[in-house]
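Trainee: I would like a close look at a single part of this model, and then a walk outward from there. Could you take me through it step by step?

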Amino acid sequence: MAQEDVFKKLVAHCKEYGFVFQSSEIYDGLGAVYDYGQYGVELKNNIKKYWWDSMVLLHENVVGIDTSIFMHPAVWKASGHVDAFNDPLIDNKDSKKRYRADVLIEELMAKYDAKADKEVEKAAKRFGENFDEALFRQTNPRVLENLNKKEEIHARFVKALNNNDLDELKQIIVDNEVVCPVSGTKNWTDVRQFNLMFSTEMGSTADGALKIYLRPETAQGIFVNFLNVQKTGRMKIPFGIAQIGKAFRNEIVARQFIFRMREFEQMEMQFFVAPGEELQWFEKWKETRMKWHRALGMGDSKYRFHDHDKLAHYANAATDIEFEMPFGFKEVEGIHSRTNFDLSQHQQHSGKRITYFDAEKNESYVPYVVETSIGIDRMFLSIMAAAYHEEEVEAKEGAKEMRVVLKLPPVLAPVKLAVLPLVKKDGLPELARSIIDTLKFDFNCQYDEKDSIGKRYRRQDAIGTPFCVTVDHQSVHDNSVTIRYRDTMEQERVNISALQRIIAEKVSMRELFKKTM
Ligand code: GAP
């Protein structure tokens, strides 16, 4: 199935099974704003717990806080967001559609990559086992032509970004004959900068009201609380402050479902270090964060690092962890070495001294910062995309049917266990409920007695429930039940008393954490 179709199906599945809904849907929705449904919120909470505990429980030098969305407007002046939190945008004069110029160019480069990959794929099929991919990539004229073209655009793109050269960004689009996907024309406006912050007013009287912003990142709440946390927690450098919270950006191009939203959630950690030690910590956090992602077992090859083409003026290193979404490798997390820019700026703009006295070095300094910043919604999307499977399975009398199954990591699954009485009589519902009454303290359980057992299995597969327990007539006599495993569909007869242990082993955060070490 084409990846675009997979993505469409995934979006439809998220809605049909209560994971994600369009915001204000009965009023035709609000662009790039989404609500999480009854299963979505459970998955999201499990992701947050995995992140929070791995940061705050497992690192004795990382503590958590929760700061407000509204902050003093001076924060955003100091951080540079008022002047420079911009995207370069371009309009097509015929369709009146607006695009991010940098995204159009990135998509153009991705097309050349895809063309080269296609040549390689074709050749691999033709030559079979004897195919030497590396040699083919180095020597095949069509592959080289596509890769050289991409490299040429890339070099111009990086230079234009670094020089903030908006005319050159437009020229790259014009020279490469990029067309608007809606009108099909090349009739472009100039490229302009567009600030992404939402603003509102605080206060009751029109002239006394203060213009404030909805935070576009959670990080600034951490920076302005650096001294509070360091002093009250008697924290010694190196140490980190973690936070989970909402962020808001008036994204121009808000497409691809929950990948790019106007209201989204971040999990950020600022790690404060001594000047000169930041690059070493940057490497350490890169490795730690990649292990955290891979521990979920969705396939190591689905992740890669992508170093930034353009470093922000305050950063001395930056990379993204990208995940292979149905629409290509995309950023899920950013890891940035932000020098002492933010704390120095807040020191200057607030007039308050923001330094740390390092007793070991016997000196005071403004700490340097390594930041890890991950979007929960993108993480959610990556997990759903990797989990979504359509499989042909045996139905009655040798027929085949399609099952849609979410092979979610069991530890993150919204519902861990469904308990299903085979029939609605003979004491089976009562026994099923008594199993839930024992296990509900440990796991999110669901009771279902409606429809055939096959249909009930399919419903649980579709929401990713890793275990189904069926209670039948034999269960009433000998306390045994059938446990069915989601991924293999294998079934096993076990005693009710064994259920807690069997399930706990598979859904344990503890086991997952061990893999992150
Ligand atoms: N404090 C640093 C910072 O905010 P960023 O790269 O702009 O860095 C970090 O954002 C992460 O937040 C991204 O890797 C992405 O996962 C998520 N994110 C950013 N903009 C988003 C949006 N419009 N919708 C959903 N997630 C977004």
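Trainee: In which loop is Thr 339 found?

Mentor: Happy to help, and please keep in mind that this is a predicted model. Thr 339 sits in the loop that runs between strand E13 (328-337) and helix H12 (341-350). With a relative accessibility of 15%, Thr 339 counts as buried, because the cut-off for buried is under 20%.

From Thr 339 we can step across to Ile 237: the two are 102 residues apart in sequence, and their C-alpha atoms are 15 Å apart in space. Ile 237 is worth a pause, since a cis peptide bond joins this residue to Pro 238, with omega at about 5°. Most peptide bonds are trans. Pro 238 belongs to the loop between helix H10 (226-232) and strand E9 (239-248).

Now let us turn to the ligand. The ligand is surrounded by 20 residues, and the closest of them are Glu 217, Met 261, Glu 268, Glu 331 and Val 332. Two of these also show up when we look at individual polar atoms. For Met 261, a polar backbone atom is 2.8 Å from a nitrogen atom of the ligand. For Val 332, a backbone N or O atom lies 2.7 Å from an oxygen atom of the ligand. Glu 251 takes part through its side chain instead, where a polar atom lies 2.8 Å from a ligand nitrogen.

For the wider layout, the domain assignment divides the chain into domain 1 (39-85 + 196-392), domain 2 (87-193) and domain 3 (415-516). Between domain 2 and domain 3, the C-alpha centres are 50 Å apart.

Further along the chain is the second largest pocket, which has a volume of about 280 Å³. Its lining is made up of 13 residues, with Glu 401, Ile 453, Gly 454, Lys 455 and Arg 458 nearest the centre of the pocket. Helix H15 (residues 453-463) gives the largest share of this lining, namely 5 residues. Sorted by class, the lining of the second largest pocket holds 6 charged, 4 nonpolar and 3 polar residues.

Let us finish with helix H16 and what follows. Ser 475 is placed in helix H16, and this serine is buried, with a relative accessible area of 0%. A polar atom of the Ser 475 side chain lies 2.7 Å from the backbone oxygen of Ser 480. Between helix H16 (473-478) and strand E22 (480-485) is a loop that contains Asn 479. Asn 479 has a positive phi of about 60°, although this residue is not a glycine. Most residues other than glycine have a negative phi. Asn 479 counts as partly exposed because its relative accessibility is 41%.

Met 489 gives you another case to look at: its phi is positive too, at about 60°, and Met 489 is not a glycine. You will find Met 489 in the loop between E22 and strand E23 (491-495). Its relative accessibility is 27%, so Met 489 counts as partly exposed.

Key
Residues numbered from 1 in each chain as written. Predicted model: local features only at pLDDT ≥ 70, side-chain atom pairs only at ≥ 80, totals over all residues. Heavy atoms only, no water. Helix = DSSP H or I, 4+ residues; strand = E, 2+ residues; numbered from the N terminus. Buried < 20%, exposed > 50% of the residue type's maximum accessible area, 1.4 Å probe, protein only. Domains from an automatic or database assignment. 1 Å grid on protein atoms, 1.4 Å probe; cavity = no way out; pocket = protein on both sides within 12 Å on 5 of 7 lines; lining within 4 Å. Points joined across faces, edges and corners; volume = space filled by probe spheres on them. Nonpolar A, V, L, I, M, F, W, Y, C, P; charged D, E, K, R; others polar. Near = heavy atom within 4 Å. Polar contact = N/O pair within 3.5 Å; in protein donor to acceptor, adjacent residues only side chain to side chain.
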